[in-house]
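User: I'm new to this one and would like a friendly tour of its charged pairs and its surface. Could you show it to me and take my questions?

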Amino acid sequence: MDVADLIREYYKDVYGVEVTLEVLDKINEKKVAEELLEDLKKVNRFVRLTQLEESKCLAPEARPMMLHLSDTGEMVCSVTLETFYPGYLHIEWTCGKEKSGEVSSSLERYAESLDHRSFSVCSEVRISQDSIRSPESTVHVSWEHEYTNTKGQQTFSITDHNFLWRPVMDEIQTPSCMYHDNPVVFNCHISGYYPDNVTVKWFRRNKKTLEFCEDSDNISVPKIRSNRNPDNTYSCTAKLTMTPSVDNHLGAEYVCQVEHPSLEKAIKRSTRGMEILARPQLESITKVLEDNMLVQFSMHLTKFYPKDIKVKWHRGGDTTQKRSAADDTTHGNAG
């Protein structure tokens with residue numbers, strides 16, 4: 001096997017066949033040479049150089065690289081090379097950072113044209129998620145047709161504009177009403193991404209400031225957990241639980257930011273300015289007997305927002321609401 005590897009390295013695959021046959025003959029391994037010849041006859045795409053007419057040589061034509069996701073969680077890259085003759089190409093795949101990519105093992109499927117005048121091949125390689133988690137990672141394929149001295153190559157990067165599996169964000173789901181000191185949950189669904197490598201951050205925008213949200217007394221940001229979709233992409237739901245207060249959160253916006261190696265810059269969704277309601281707190285009801293022998297009732301309400309509030313008084317046992325216009329609306333201060 002070491003000798004075979006050296007022959008391929010120095011003489012390439014096509015000329016290596018010729019060299020191997022000559023070496024086997026010189027060292028009197030004629031039986032092995034005969035077995036090699038018989039094997040070569042069974043593979044129509046290999047042609048002996050001594051039997052080849054130069055006028056029949058055809059250079060390969062390449063189709064663009066194709067990508068799809070496998071059920072095992074890998075990305076499958078394939079390239080098809082057509083209308084070449086004779087029927088052998090040296091094809092090599094590498095994956096990793098551009099200058100330090102590792103050679104990946106591939107599968108080649110050769111086919112002969114119906115008129116037997118040319119060949120085509122589909123070369124396929126499987127790439128793990130770990131190999132493309134970095135934006136600098138590339139998948140590179142090169143080929144060489146030694147009969148026509150033709151070389152070609154294609155390179156794919158996860159940052160290419162035609163990459164299919166970038167994350168998509170839905171609008172942030174917010175409660176229809178938010179109340180002072182009552183916890184609320186914001187949800188943002190993120191889907192369609194590959195590889196499974198998203199980073200989600202939450203921010204609070206208040207006037208002109210942007211504040212990063214992290215776990216604290218009144219904020220909880222659960223860890224993201226991805227789920228695999230039927231099409232083998234991934235999705236997740238980002239959540240933020242917080243307890244709003246009129247003093248600190250009125251009018252503030254919450255921003256969900258998603259980062260992924262396929263994105264040149266992060267994508268974002270934001271809520272509208274927060275509208276917070278505060279329920280009135282009843283502190284006391286008092287009654288005072290006035291000089292004219294009438295009883296005056298008074299009620300003290302605090303910590304409500306917004307400030308406009310309607311107060312209605314009812315007399316027990318009387319279904320008729322008796323009040324004056326001045327009694328309908330009272331203006332107070334939010335506490």
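**Charged pairs and a surface patch**

Analyst: Let's start with one pair: Glu 253 forms a salt bridge with Arg 205, and the closest N and O atoms are 3.0 Å apart. A salt bridge here is a side-chain nitrogen of Lys or Arg within 4 Å of a carboxyl oxygen of Asp or Glu. Please keep in mind that this is a predicted model, where local features need pLDDT of at least 70, side-chain atom pairs count only at pLDDT 80 or more, and totals for chains, interfaces and linings use all residues. Residues are numbered from 1 along each chain as its sequence is written, and side-chain values use heavy atoms, leaving out hydrogens and water.

User: How many residues apart are Glu 253 and Arg 205?

Analyst: Strands are DSSP runs of E with at least two residues, numbered from the N terminus. Glu 253 lies in strand 18 (residues 253–259) and Arg 205 in strand 13 (residues 199–206). The pair therefore links distant parts of the chain, and its separation is 48 residues.

User: Is Arg 204 buried or exposed?

Analyst: Arg 204 forms a salt bridge with Glu 211, with the closest N and O atoms 3.0 Å apart. Buried means under 20% relative accessible area, exposed over 50%, and partly exposed in between (1.4 Å probe, protein chains only). Glu 211 has 42%, so Glu 211 is partly exposed. Arg 204 has 16% relative accessibility, so Arg 204 counts as buried.

User: Which residue forms a salt bridge with Glu 82?

Analyst: The whole structure has 9 salt bridges. In this one, Glu 82 sits in strand 3 (residues 75–84), and its partner is in the loop between strand 1 (61–62) and strand 2 (66–69). The closest N and O atoms are 2.6 Å apart, and the partner is Arg 63.

User: Which residue of the nonpolar patch is found in the loop between strand 21 and strand 22?

Analyst: Patches are made of residues with over 30% relative accessible area and no salt bridge, joining like charges within 9 Å and nonpolar side chains (Val, Leu, Ile, Met, Phe, Trp, Tyr) within 5 Å. This surface patch has about 820 Å² of accessible area together, and its members include Leu 282, Phe 297 and Trp 313; such areas come from the Shrake-Rupley method with a 1.4 Å probe, and for residues only the protein chains shown count as cover. Strand 21 (281–289) and strand 22 (295–302) each supply at least two of its residues. The residue in the loop between them is Met 293.

Terms used. Helices (H or I, at least four residues) and strands (E, at least two) are DSSP runs, numbered from the N terminus.
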